[in-house]
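Here is a briefing on one protein model. Look at the sequence and the structure first, then work through the points by topic.

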Amino acid sequence: MELYADFFVRRRWCVWIFVLTMTGLSIWGHLRGSPSPFQAREQRNERRSAPEALAPSADSPTVQLESDEQEYEEEFDDQGDEFPPAEAFLVVEADDIFTAEKIIALRKMVAAVEAMDQIDTLIWIDRVPIMNMFGVPEVFIPPDDADPARFPDSKDRVLNHPLAKGQLISPDGGTLLMPISFRWVNIQSDDDCYDAVLNTARQSLADSGVDDVRVRMTGDVPLFIAQHKALERNHMKYQIIGYSLALIFTIILFRGVSAVLIVASAPMCGIFWSLGILNLLDHSTNTLTNVILPVLISMVGLADGVH
């Protein structure tokens with residue numbers, strides 16, 4: 001060990017090169033920012049569902065099942081994926097939805113949301129298929145230019161539909177649920193999955209002059225984003241409290257600021273380097289890297305510095 005110590009003592013330029021290199025890479029990582037945990041999870045799911053990762057062997061039971069289901073898949077290939085898995089829900093509430101003014105405003109809102117690059121599909125009661133006894137599609141909700149008196153009459157028709165009542169509309173007809181699936185290739189940040197969609201929907205209703213329609217958003221993606229933001233907010237709060245208390249106690253113990261800065265400089269650099277390199281390597285932030293890792297480095301580094 002003394003040989004290595006003497007080497008770095010006599011050649012301090014090597015130490016400076018290491019410090020500057022690590023600091024530069026860490027700054028690059030912090031400026032780049034950490035990836036969204038939800039996007040990181042989607043990337044992991046895509047890698048797991050890659051064809052080379054899921055390709056079964058020739059004698060696998062999966063091959064038998066795929067051959068048995070091939071005829072059914074071919075039958076529905078032309079119809080497309082009408083009801084994809086919902087990743088979020090627009091919740092629309094109003095006292096009386098089935099009026100001409102509100103239905104027209106909702107159709108404009110749906111068109112505005114679907115026009116966004118990050119939206120793949122949006123389903124609501126106006127898209128529910130309905131057939132009469134002759135197999136001919138009927139009008140579920142009247143068109144925009146229909147007689148306004150026809151819109152209230154469509155409420156009973158909607159509530160009697162098995163795919164609408166309890167699925168896309170509440171039994172009392174006062175709340176609509178609009179399942180949404182995202183086009184992840186066009187999403188750059190978490191705000192594209194929540195704030196941007198919600199603001200677009202509310203702005204469209206405001207432009208239509210409808211004030212008594214309330215729009216909210218829920219589902220897997222919005223709840224995951226809210227959980228992540230709460231974690232970051234609480235983590236920063238308690239991390240500042242912890243570091244402040246540690247600084248105050250070390251100043252009291254060492255009876256001087258200069259000694260504290262010398263001892264704490266190594267843990268501070270270690271935390272900065274570790275978090276920056278993690279961001280540079282595209283590792284998503286989590287409880288381990290946000291809370292445990294900085295505390296562990298600061299405690300171990302401070303103890304080594306004191307000794």
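H235 is found in helix α9. This is a predicted model. In it, H235 counts as buried, because its relative accessibility is 15% and the cut-off for buried is under 20%. Start from this residue, then follow its helix to the next ones.

**Two buried residues in α9**

- H235 has a partner far along the chain: N290 is 55 residues away in sequence, yet the two C-alpha atoms are separated by 7.2 Å.
- Leaving aside neighbours within four places in sequence, H235 is in contact with N290 and V291.
- I225 also lies in helix α9.
- The relative accessible area of I225 is 4%, so this residue is buried.
- I225 and D190 are 35 residues apart along the chain, and their C-alpha atoms are 6.8 Å apart.
- Not counting residues up to four places away in sequence, I225 touches D190, C193 and Y194.

**How α9 meets α10**

- Two packed helices are described by the angle between their axes and the distance between the axes.
- Helix α9 covers residues 220-254, and its axis comes within 9 Å of the axis of α10.
- The two axes cross at roughly 145°.
- The crossing of α9 past α10 is right-handed.
- On the α9 side, the contact is made by Y243, L247, T250, I251 and F254.
- On the α10 side, the contact is made by V257, A259, V260, V263 and I271.
- Sorted by class, the residues of this α9 and α10 contact are nine nonpolar, one polar and no charged.

**How α2 meets α10**

- Helix α10 (residues 257-280) also packs with helix α2 (residues 12-32): their axes come within 7 Å and cross at roughly 55°.
- Is α2 parallel or oblique to α10? The crossing angle makes α2 oblique to α10.
- α2 passes α10 in a left-handed crossing.
- From α2, the residues that meet α10 are F18, V19, M22, T23, L25, S26, I27, W28, G29, H30 and R32.
- From α10, the residues that meet α2 are F272, W273, L275, G276, I277, N279 and L280.
- By class, the α2 and α10 contact holds 11 nonpolar, six polar and one charged residues.

**How α1 meets α2**

- Helix α1 spans residues 2-10, and its axis comes within 4 Å of the α2 axis.
- The α1 and α2 axes cross at roughly 85°.
- α1 is therefore roughly perpendicular to α2.
- F7, F8, V9 and R10 in α1 meet R12, C14 and V15 in α2.
- This α1 and α2 contact has five nonpolar, no polar and two charged residues.

**Cysteines**

- How many disulfides does a search of the whole structure find? The search finds zero.
- C14 has 17% relative accessibility, so C14 counts as buried.
- C269 has a relative accessible area of 36%, so C269 is partly exposed.

**Two partly exposed residues**

- Where does K165 lie? K165 sits in the loop between α7 (150-159) and β3 (175-182).
- With a relative accessible area of 42%, K165 is partly exposed.
- K165 and L176 are 11 residues apart in sequence, and 9.7 Å apart in space, C-alpha to C-alpha.
- K165 touches V158, L159 and P171, not counting residues up to four places away in sequence.
- R150 lies in helix α7.
- R150 is partly exposed, because its relative accessible area is 41%, and partly exposed lies between the 20% and 50% cut-offs.
- R150 and T99 are 51 residues apart in sequence, and 8.7 Å apart in space, C-alpha to C-alpha.

**The whole protein**

- The protein has 11 helices and four strands.
- What percentage of the 307 residues do buried residues make up? They make up 33%.
- Take contacts between residues at least 6 apart in sequence: 71% of these join residues at least 24 apart.
- The pair H235 and N290, 55 residues apart along the chain, is one to find in the model.

Terms used
Residues numbered from 1 in each chain as written. Predicted model: local features only at pLDDT ≥ 70, side-chain atom pairs only at ≥ 80, totals over all residues. Heavy atoms only, no water. Axes fitted to C-alpha atoms, helices over the stretch in contact; angles between N-to-C directions. Parallel < 35°, antiparallel > 145°, perpendicular 65-115°, else oblique. Left-handed = near helix turned anticlockwise from the far one by under 90°. Contact = heavy atoms within 4.5 Å. Nonpolar A, V, L, I, M, F, W, Y, C, P; charged D, E, K, R; others polar. Disulfide = S-S within 2.5 Å. Buried < 20%, exposed > 50% of the residue type's maximum accessible area, 1.4 Å probe, protein only.
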